[in-house]
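Q: Please take a close look at a single part of this structure and describe its surroundings in one connected account.

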Amino acid sequence: MSEPVSVVVTCYNLESLIGEAIRSVREQDYKGEIQIVVVDDCSTDSSRAVLTGIPEIEAVLRKENGGVMRAMISGLRATRHDMVFFLDGDDV
């Protein structure tokens, strides 16, 4: 069996793209468990509403915008597996 992995997806004002990024992670053919942590870096659009509608993820909602590096660190703190991958919220 494959080792479990965590994927940290960062998001800032990506309401139209974040769903597709998450879907691309879920559709991987990896056989192990995949934990998806999405960090919203205090978006001012509807990104948070999109995230709360996706039950397969663990959302980290930052209280102030700190940039992508701080968002990545916040996501890393929420992971539970040794192997961690990072994905920008506008990538697939």
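A: In what follows, contact means heavy atoms within 4.5 Å, and a residue counts as buried under 20% relative accessible area and as exposed over 50%. The model is a predicted one.

The part chosen is strand β1, residues 5-11. Of its 7 residues, 7 are buried, so the strand is largely enclosed by the rest of the structure. This holds for both of its faces: V5, V7, V9 and C11 point one way, S6, V8 and T10 point the other way, and all are buried.

Two strands pair with β1. Strand β2 (residues 34-40) runs parallel to β1 and is joined to it by 7 bridges; within this pairing, V9 has V38 as its bridge partner. The chain travels from β1 to β2 by way of helix α1 (residues 18-26), and this β-α-β crossover is right-handed. Strand β4 (residues 83-88) is likewise parallel to β1, with 6 bridges between them. Here the bridge partner of V8 is F86.

Strand β1 also takes part in covering a helix. The buried residues of helix α3 (residues 68-78) are A71, S74 and G75. They lie on the same side of α3, because the arc they cover around the axis is only 100 degrees. Among the elements that cover these buried residues are β1, β2 and β3 (58-61). On the other side of α3, by contrast, M69, R70 and R77 are exposed.

Note on methods:
Residues are numbered from 1 along each chain as its sequence is written. This is a predicted model: local features need pLDDT of at least 70, side-chain atom pairs count only at pLDDT 80 or more; totals for chains, interfaces and linings use all residues. Side-chain values use heavy atoms; hydrogens and water are left out. Buried means under 20% relative accessible area, exposed over 50%, partly exposed in between (1.4 Å probe, protein chains only). Helices (H or I, at least four residues) and strands (E, at least two) are DSSP runs, numbered from the N terminus. Two strands pair if DSSP finds at least two bridges between them. A crossover is right-handed if, with the strands pointing away from the viewer, the path from the first strand over the helix to the second runs clockwise. The arc is that of the directions from the helix axis to the C-beta atoms.
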